[in-house]
Amino acid sequence: MLLIDCPWCGPRSEREFRCGGESHIVRPETPDAVDDAAWADYLFYRHNTKGVSFERWLHRFGCGRWFNVARATTDHRLAAVYGMTDPRPELEDGR
Amino acid sequence: MSGTRVAGGVAIDRSHRLDFRWAGKQYRGFAGDTLASALLADGVRLFGRSFKYHRPRGLIAAGLDEPNAIVQIERGAATIPNLKAPYIELYDQLDAQPVNAWPSLGFDLMAVNGLFKRFIPAAFYYKTFMWPNWLLFEPLIRKAAGLGRAPQERDPDLYSQTSAHCDVLVVGGGIAGLAAALAAGRRGERVILATGGALWGGRLAGSDQLVEGQPATDWIAHTLAELDTLPNVLRRNRMLATGHYDQGLVALCERMTDHLPIDARIGPRQRLWHVRAGQVILATGAFERPLVFANNDLPGVMLAGAATAYLHRYGVLVGQNIVVATNNDSGWHAAMSLAQGGARIAAIVDARPSPATSLLAAAEALDITVRCGTAPEKAVGGKQVRAVDVARLDAASRLTGRTERLVCDTLLMSGGWNPAVHLHSQAGGALRLDPAQHSFMPAALPGSPSIGAAAGDFAIKTSLAAARGTEFVPVSTPIRPLWSLARTAEPDPLAWVDFQNDVTAADVALAARENFRSVEHLKRYTTLGMASDQGKTSNVNGIGILSQFLGRPMEAIGTTRFRPPYDPTTIGVFAGHRIGDGLAPRRRLALDAWHVAAGAKLEEYGGWMRPVAYLQEGETEAQAVAREVIAVRTRVGLFEASPLGKIEVKGPDAARFLDRIYVNTISTLKDGRCRYGVMLDENGTIFDDGVVTRLADDHFLVGTTSGHASAIAEILEEWLQCEWVDLRVLVQDVTTCWAVLTVAGPKARDVLQTLEGTIDWSASAFPHMQHRAGLIAGMNARVARVSFSGELSYEVSVPWRQADRLGERLTAAGAVHGLTPFGIEALMTMRIEKGFLHVGSETDGTTQPQDVGFAAVLANKKSDFVGRRSTRRPDSLRGDRRQLVGVAVDGPLPVEPGAHVVTPGREDAIGSEGWITSSAWSPTIGAPVALAMVNGGAARMGETVKIWDLGTWRKGRIVPPCRYDPDGSRLNG
């Protein structure tokens, strides 16, 4: 079980959180204008990284805020915690 | 001769005798004994029958690595199967039995399996799947194989759970763990020190070996005393670390009452600890390896370290005339201790050609026969060992030359030591093979150092240095690896590797020959290491034999994955209080007591205990539902709708936001108006529906289905926080702030009008699909004129705590009109009559709005909303999608939801055209009514269909969903 450093509440047990999957997925500006393949890419296609995965998490039983986590999928190390609108951090061992 | 009680034994209290039963016979032991030590002291050798072949088996270990002495304790609901005898603390009147013997331990009819051993080798079961026939063998195998019996009754015990945080968690109570805890405690750090067993001191408990100048027993006592003076140190015995997870989280199971006599047990039986530690120091010790030679499973063949432990801890000498077979120094130390304890050491047999001269001198001083470069070939005996045949080893570690028979009553073996790397490995720590110890050692793991024997360090001085974090130079005394002892490359078929699962060296070789060469495949194919001990004594030997057979180094083979729990753990302690009513809170309606008093039958709907129907004297449920429906249709009914989701959405951008959430356009809604809306997920699937109300220009009340409010509120938040961060909108779930009573029926207005207040109830002032806020009987109320029943209907909300008052006023006012409480079933019947959608009944994970009558709404909306693009995929545009229809069913009885709708003439093919989604007997129409999702259903009105209903054919006709008041004059009245 991870220990997640919520930007608002500090380090808390994973059981207080919900993982919302991969972050930095851009919803098409005008969905009507994109073709089926592009829409499917937005809906379904994910990186499934071996290494650092950039995910969004909700502190569900805490402050109720969403934020981003850079989590190494091989050893569960949390490389970075950053705001929902912050850019993806440049990590030394990132993708 | 076999075991006896001698002097010593740090754990036992000789002034306190305990009576207990084993296999139906009465025995006595001392307080502090384990079941194993007390039985050994009484001369018991036979502890069980093996899993597959029912071979007689005795104890080999002194801890939770014991593979043979598996027992069942107590009877009835209190029975616990598959405990290890060395890990059961004796208590007065303990009742224990062996697990796999029939009819008795001494005379086991299934031992005949042993005679057929060559016919049931490794993977026998898998092979019978292929040929000749698994069913032929299954009954026999099921009867023969097995361990204990699970209790049939509910677990009578309580279990608890707790969490703790600390700077340092020390796992293991041997001298390394004690020293590490004391060092951290002296530094002022918050320390938790846990050991799995009852005793402190690990392998040195009760030993007079010197530790920093004092006998180990004294050193341990002094260290414990100092630890207890430190308020920042919490130490617990009987607390076994079972899992090591991410970022310093360790799960530990504390056995709180298992060691007490049954009538002295108070409170929870066990407690699960979740400890989050800054540093986890693993001082988990090591397991001794057995040697693999023919008949090494005879009772009386034991691990050398276990024999020492029984002597030092319990004053039990496991035998009188002992041969020690070893490949390392520890076997010699065991021999010396046992000689000091009063045993005759018949011989020390060391695989190494030239052991240290100090060892040889010590043996000579005690006049002990020594055989070097020699190893056991075969244990001799019937139900226990009587002698051992030994032979010399050649350079390739094969047995060679003349056999020498050494008479003994006990054969002790030491094949080297495996550090207990389980917790290290669970946390992601890597392992490396130590070329001198021939064991897998923990590689460095940040935040979780291994120390002492757990790090492969068996010397006191260096273990203590590691525990205190001081610099030291590791010492290592090389061993001679012995994997399979035989004269040829072919292992002996009676040389056991995994005692508990009856896996032999020959089985390992067979698996390798049949190309199950990966260690994970070997494990599954032979079941090596799959028993309840998870291979604590067998895994490394198995890997060594596989390595020998394949000619590949052990490090290239590697270990199987170590997974929690480290030792079998009761399911009860994982469940804790979350059983029965403790699993999830039952939510009660605001008028719960009133419903019960009115005869309501309550059932759980989405976590809420809600009235199904109100049963009157002598009434069936169906009769009650019919009566309630007629009451609402002809007079007036009262329904508690408090669980309906209520989410306030407020802010300058609230209307824009809701336009993006709903299929419908919300921004055009006028103040005080309601609109029925549907929400989708991004896949275009209907996710929820409900009534949205505009309370003010910037303020909306979003209604959701019951039990779905928190999920919807969470999704709205997710869109606002993660996608549309520029929108200024606040979302708040207020579901349980407001109790809701629905007054429905042609007399609803008459009832409400009699209540004093500020709301004008007249049809012209308060039309259908509008909302009013005002005072009712002095209470702040919100009223929505909406209808799920199809009648004139008002949903009246008041603050939750005032629900009783509203209920009283309504029942008083309604009495003259025959106000009738109605339940979920009546409401559902009425909404089916009306053809109203129920998300989750009519809809599933494929249903889109155009399938349930929202094609026009979808087409008319110009702006984007969640899921819109997905409703424009080719699949969404097909004309033959399943669509919502009504089905008029012939005959008097309703069909079951899920019944298939089939076109006549296609009964024999796979001809399902869809299925019934909701169904009821309609008291209003006097016939069954049903809704269905049918392929291209909207264009099939009037078509005759057949319905496959629970094995019988019914007939029906596709009709519009709405069967009652299709022009809506009643709900608009």
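User: How far apart are the end C-alpha atoms of residues 495–576 of chain B?
Analyst: First, this is a predicted model: local features need pLDDT of at least 70, side-chain atom pairs count only at pLDDT 80 or more, and totals for chains, interfaces and linings use all residues. Residues are numbered from 1 along each chain as its sequence is written, while chains are lettered from A and ligands numbered from 1 in the order written. Over residues 495–576, chain B is 46% helix and 6% strand (DSSP runs numbered from the N terminus: helices are H or I, at least four residues; strands are E, at least two). The end C-alpha atoms of this stretch sit apart by 43 Å.

User: Which feature does UniProt place there, at residues 495–576 of chain B?
Analyst: The entry is unreviewed, and such annotations may be inferred rather than shown by experiment. Its name for residues 495–576 of chain B is "domain: SoxA A3".

User: How many residues of helix α12 (residues 505–513) of chain B are buried?
Analyst: Buried means 20 or more other C-beta atoms, placed from the backbone, within 10 Å of the residue's own. In α12(B), the buried set includes B:D507 alongside B:V508 and B:A509. The helix is mostly covered, with the buried count at 7 of 9.

User: What do the buried residues of α12(B) pack against?
Analyst: Contact here means C-beta atoms, placed from the backbone, within 7 Å. Two strands of chain B are partners, β30 (496–498) and β31 (503–504). The others are helices of chain B, α13 (519–526) and α14 (539–550).

User: Which helix gives the most to the largest nonpolar core?
Analyst: A nonpolar core joins buried Ala, Val, Leu, Ile, Met, Phe, Trp, Tyr and Cys residues through C-beta atoms within 7 Å. The largest has 171 residues, and B:V508 is among those with the most contacts inside it, as are B:V171, B:V323 and B:V324. With 8 residues, the top contributor is chain B's helix α5 (residues 175–186).

User: What are the edge strands of the open sheet in chain B?
Analyst: This sheet has 5 strands with mixed pairing, in the order β3-β2-β8-β6-β7; two strands pair if DSSP finds at least two bridges between them. Inside it, β2 (residues 13–22) and β8 (residues 94–98) run parallel, joined by 3 bridges. Pairing on one side only marks the edge strands of chain B, β3 (25–31) and β7 (80–84).

User: Which helix of chain A gives the most to the side that touches chain B?
Analyst: The contact takes 18 residues from chain A and 18 residues from chain B. On chain A's side, 3 residues come from the leading helix, α1 (residues 36–44).

Conventions. Buried ≥ 20, exposed ≤ 12 C-beta atoms within 10 Å, placed from the backbone.
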